[in-house]
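Me: Please take a close look at one part of this structure, namely its largest pocket. I should like a connected account of the lining and of what surrounds it.

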Amino acid sequence: MFGVFLLLFILNFGIHSDNPMPTARMWLLLGVWAFLISLVLLIKNKLPLKRQILISLLLALAVAAAYINLSLFSMIEVSIITLFASLAVFSTFNRYNSLKLVFLNTASKKSVAVSLLTGIAVGVLLGIINLMLSGSSLDGYSIRLAYFKVALSPAIYEEIALRALFYALCLSMLHGKIETRAQKFTVWFMMIIPHVLVHTPDSFINGGIIPGIVTILMYVILFGLPFAVLQRKRDLTSAMLAHGIVDVIRFCFMGLPY
């Protein structure tokens, strides 16, 4: 499956049009891939519990809110994918409970606080690193409610549909067992690499193969791996919180990308 995705990633550079947008095409492709995976997992594992369906609906609505006054197409596309991906993730974890990713560690009030504080700390640290790597001036910044609203999409959509879903897919294909080194590597790989790749087409186009590969490695080490570790070692909420904070910090200093 990843081989096909990688082939399409490469062929994407050869598509010529008046407005090529290779990065946008890869985001759309990954979204379609996530939607199809969600359907397969839902057919296999059925719908999750009512409480989990409600959580999935709330997550989809939060993602939809990020696109108010921005893009109706994106609002519909991303919210639907988020809904189906979240349902698929919950249903798969219900079937393979022993290795599931926890949505929020609610073992105690302390564990909830630890998750929130961990997400905030990681988000602030990675947000600062992201600004330093961008080379942008840190002299001026602005804080707007719109920045927090827009950040809901990457925080929820990308962590659920483009990361946790691929863990659920691996868990399902491995029948709930992740034992060998190859299996463990595959799980980490699928949680990180597809999501990283869709950020990089412009780096290959503007800089060439070597800068593109360097960009991939940088995204893996600084962002993909930390968010995946949060999901697997802590919970999904801490990863979503950290991801959202990284984007809010970037928006405050660099503005919205559109």
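Reply: A pocket is here an open set of grid points where a 1.4 Å probe fits, with protein on both sides within 12 Å along at least five of seven lines, and a lining residue has an atom within 4 Å of such a point. The model is predicted, and the description below should be read accordingly.

By that definition, 41 residues line the largest pocket, and the space within amounts to about 1500 Å³. Nearest the centre of this pocket lie W27, E158, H199, R250 and P257. In composition, the lining comprises 23 nonpolar, 11 polar and 7 charged residues. Eight helices, α2, α4, α5 (109–134), α7, α8, α9 (201–207), α10 and α11, supply at least two lining residues each. The largest share comes from α11, which provides 6 residues.

R250, one of the residues nearest the pocket centre, also takes part in a salt bridge. Its partner is D247, and the closest N and O atoms of the pair are 2.6 Å apart. Both residues belong to helix α11; because they are 3 residues apart there, about one helical turn separates them. The two partners differ in exposure: D247 counts as buried, at 7% relative accessibility, whereas R250 counts as partly exposed, at 25%, the limit for burial being under 20%.

The whole structure holds 2 salt bridges. Besides the pair in α11, R163 is joined to E159, with 2.9 Å between the closest N and O atoms. These residues are 4 apart in helix α7, so they too are separated by about one helical turn. R163 is buried, with a relative accessible area of 0%, and E159 is likewise buried at 0%.

Helix α7, which contributes to the pocket lining, also enters the largest nonpolar core. That core has 55 residues, and F5, L165 and Y167 have the most contacts inside it. Two or more core residues come from each of α1 (2–11), α2 (22–45), α3 (50–65), α4 (72–95), α7 (152–173), α8 (181–197), α10 (209–233) and α11 (236–254). Among these, α7 gives the most, with 13 residues. Leaving aside residues up to four places away in sequence, Y167 touches F93, L99, L101, I178, V187, M191 and R232. A second, separate core has 7 residues, including L126, F223, L230 and A242.

Notes. Residues are numbered from 1 along each chain as its sequence is written. This is a predicted model: local features need pLDDT of at least 70, side-chain atom pairs count only at pLDDT 80 or more; totals for chains, interfaces and linings use all residues. Side-chain values use heavy atoms; hydrogens and water are left out. A nonpolar core is a set of buried Ala, Val, Leu, Ile, Met, Phe, Trp, Tyr and Cys residues joined through side-chain atoms within 4.5 Å. Buried means under 20% relative accessible area, exposed over 50%, partly exposed in between (1.4 Å probe, protein chains only). Contact means heavy atoms within 4.5 Å. On a 1 Å grid over the protein atoms alone, a cavity is a set of points where a 1.4 Å probe fits but cannot get out, and a pocket is an open set with protein on both sides within 12 Å along at least five of seven lines; lining residues have an atom within 4 Å of a point. Grid points are joined across faces, edges and corners, and a volume is the space filled by probe spheres set on the points. Ala, Val, Leu, Ile, Met, Phe, Trp, Tyr, Cys and Pro count as nonpolar, Asp, Glu, Lys and Arg as charged, and the others, Gly among them, as polar. A salt bridge is a side-chain nitrogen of Lys or Arg within 4 Å of a carboxyl oxygen of Asp or Glu.
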